Amino acid sequence: MRAGVRSREGRRLLLEAGAEEFAQTGFYQTKVSSIAARAGLTQPDFYIHFESKEQMYEELVESFRTLVNETVQSMKIGPDLSEAEVLRRGQAFLEAIFRMLSNNPAITRVGFYQAADSVHIKAEMAEHIKKHLLAAQRWGSCREELDPELTAECVIGLIERLTLTKLLPGRESPSVLAKQARNLLYHGMLASEE
């Protein structure tokens, strides 16, 4: 057996290649042989690290879920924040999400769009955002009449669509998207009456 076949490096190469293959051709069209070839390894090398392409796919989706949860949980708000600080933190949160999705384009395509579990991943994101909105309402930094569940779903829809149409094709950067999304979410679409 070649040196390093059982190494973490071989596993990492296979996971990266698998994410690319699944993202480009989908789960059913992806072959173990194409994953191994893309990684510069052989099919037997693949089976040293994974029982099946299903196991690899599930691992990729779970690693995406972990990345999303870590990023979403970095959202920090608290009572008695100034409006400027609320805006700054909102933009920082959106930028962190967009940056994480941008830094992992293949796994984003798999975990955010292709996987059956993507619905649950987005629901978990929405639930976390909803909890923060409820807290912000209690602290008086968010309008009381706002429906936190509806708003959280709108935020997820905005992130999902902008990622697909602007971020992944490289048409906008995470920071530009975060600023534009923040302005829409926090200030709306109507011109100021002032």
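1. Glu9 counts as partly exposed, at 40% relative accessibility, and in this predicted model the side chain of Glu9 meets that of Arg12 in a salt bridge, with 2.5 Å from N to O. Arg12 is also partly exposed, its relative accessibility being 34%. Both residues belong to helix α1, where they stand three residues apart, which is about one turn of the helix.

2. A second salt bridge joins the side chains of Glu21 and Arg38, with an N to O distance of 2.7 Å. Because Glu21 lies in helix α1 and Arg38 in helix α2, this pair ties together parts that are 17 residues apart in sequence. The two partners can be described separately: Glu21 is buried, with a relative accessible area of 11%, whereas Arg38 is partly exposed, with a relative accessible area of 38%.

3. Lys122 and Glu160 form another salt bridge, and their closest N and O atoms are 2.6 Å apart. Lys122 is part of helix α7 and Glu160 is part of helix α8, so the pair ties together parts that are 38 residues apart in sequence. Is Lys122 buried or exposed? Lys122 counts as buried, at 12% relative accessibility, while Glu160, at 25%, counts as partly exposed.

4. The salt bridges described so far belong to a count that comes to 13. A network of salt bridges also links Glu62, Arg65, Asp117 and Glu124, and a student may find it useful to locate these four residues in the structure.

5. Turning to the nonpolar side chains, the largest nonpolar core has 49 residues, and those with the most contacts inside it include Leu14, Phe22, Met56 and Phe64, together with Phe98, Leu101 and Ile159. Which elements give two or more residues to this core? They are α1 (8–29), α2 (32–39), α4 (53–72), α5 (83–103), α6 (105–114), α7 (118–139), α8 (148–167) and α9 (174–187). As background, nonpolar side chains in soluble globular proteins tend to be buried together.

6. Phe98 deserves a separate look. If residues up to four places away in sequence are not counted, Phe98 touches Ile159, Leu162, Thr163 and Leu167, and also Pro174, Leu177, Ala178 and Ala181. One of these partners, Ile159, is listed with Phe98 among the residues that have the most contacts inside the core.

7. Ala106 is found in helix α6, and it is buried, with a relative accessible area of 9%. Leaving aside neighbours within four places in sequence, Ala106 is in contact with Ala19, Glu20 and Ala23. Ala106 and Arg38 are 68 residues apart along the chain, and their C-alpha atoms are separated by 14 Å.

8. The last point concerns the cysteines, since a search of the whole structure finds zero disulfides. Cys142 is in no disulfide, and the nearest cysteine sulfur, that of Cys154, is 13 Å away. Why is there no bond for Cys154? The closest cysteine sulfur to that of Cys154 is in Cys142, and because the separation is 13 Å, it is too far for a bond; a disulfide would need the two sulfur atoms within 2.5 Å. As for accessibility, Cys142 counts as buried, at 17%, whereas Cys154 counts as partly exposed, at 45%.

Conventions:
Residues numbered from 1 in each chain as written. Predicted model: local features only at pLDDT ≥ 70, side-chain atom pairs only at ≥ 80, totals over all residues. Heavy atoms only, no water. Buried < 20%, exposed > 50% of the residue type's maximum accessible area, 1.4 Å probe, protein only. Core = buried A, V, L, I, M, F, W, Y, C linked by side-chain atoms within 4.5 Å. Helix = DSSP H or I, 4+ residues; strand = E, 2+ residues; numbered from the N terminus. Contact = heavy atoms within 4.5 Å.
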